[in-house]
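Thanks for asking me to look this over. Here are my notes on the sheet and the helices around it.

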Amino acid sequence: MSENAAGAVIVISSHVVRGSVGNRAAVFALETLGHPVWALPTIVLPWHPGHGRSTRLTFAETDFDAAIDDLIRAPWIGEVKAVLSGYFGNAAQARSVARLIGALRQNNPDLLYVCDPVMGDLGGLYVPEATAEAIRDHLIPLASLATPNRYELAWLSGAALEDNSAIMEAALALGPSRMLVTSAVPMMAGGTGNLYLSGRHALLAEHRVVENPPNGLGDLIAAVFLSRLLSGIEDEKALQLATASVFEVLARAVKRGSNELMLASDASSLSTPMAMVQMRRLVHPAQRRKK
């Protein structure tokens, strides 16, 4: 994939010294798939907090905002074709990134912005509510594609999401023209799914559940799916490939007994995944309303 065809991607998320989460996962995946990456950390940690307490290195809000100004003025900013945001250290960072997206779109209205609203899971929010609100209010409205898990979508929409019909209705109401919802309700026994909704498609990609998964799966699928879209692959194939890649990387890491995704060992799974994924076409909410 040539640099001109692929375009550069700005990735804005957390950075860990050890592990494959946040920027470490997204940057590796995008570069492996041929994209130049500009990586901006929002916080720095020795390792994922799930592995135990560690020092949290943060940036002053004014310094982070100044770095955003630098990016906006960068002489190479025309290289950038997409932005991917993930975990934020505070609400001000989300507002700064919204300003970046606005500035980039003045020069490139076709800029692809993927918002991965990293804020919570089954146990609820794990970021301050003010940060979650800033993502909801300032970034989700700008997103070309949002990639929440089901629990994040429930918080963003204020709705209980007990089935895929409810997930699709919430996704449509939230606003982005495309939504990829991880941890969707599976249709196969012992499975889990990624539900993709756009103006034309309602698709479910399923695979078997892998117990005790390492962290970083959401970061990884957002990056891989973004790459497939940037390379011009049709939505359904992009979803199938991205889901297969993440499932394969996950299954291999767990089989080795690793507590982290092993991206360096499994780079081939990102480019040429072999894992089987069950693809289903769901009834789009717009089709139901016509009946």
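**Notes on the sheet**

1. The centrepiece of these notes is an open sheet of 9 strands with mixed pairing, in the order β2-β1-β3-β4-β7-β8-β9-β10-β11. Strands pair here if DSSP finds at least two bridges between them; strands (E, at least two residues) and helices (H or I, at least four) are DSSP runs, numbered from the N terminus. The edge strands, each pairing on one side only, are β2 (37-45) and β11 (278-281).

2. A word on the basis: this is a predicted model, where local features need pLDDT of at least 70 and side-chain atom pairs count only at pLDDT 80 or more, while totals for chains, interfaces and linings use all residues. Residues are numbered from 1 along each chain as its sequence is written, and side-chain values use heavy atoms, with hydrogens and water left out.

3. At the β2 edge, β1 and β2 run parallel, joined by 7 bridges, and Val16 stands opposite Leu45 in β2. The chain passes from β1 through helix α2 (residues 23-32) to β2 in a right-handed β-α-β crossover (clockwise from the first strand over the helix to the second, with the strands pointing away from the viewer).

4. Is β2 mostly covered or mostly open? Mostly covered: 7 of its 9 residues are buried (under 20% relative accessible area, 1.4 Å probe, protein chains only).

5. At the β11 edge, strand β10 (residues 202-208) and β11 run antiparallel, with 4 bridges. Leu204 stands opposite Arg280 in β11.

Key. Buried < 20%, exposed > 50% of the residue type's maximum accessible area, 1.4 Å probe, protein only.
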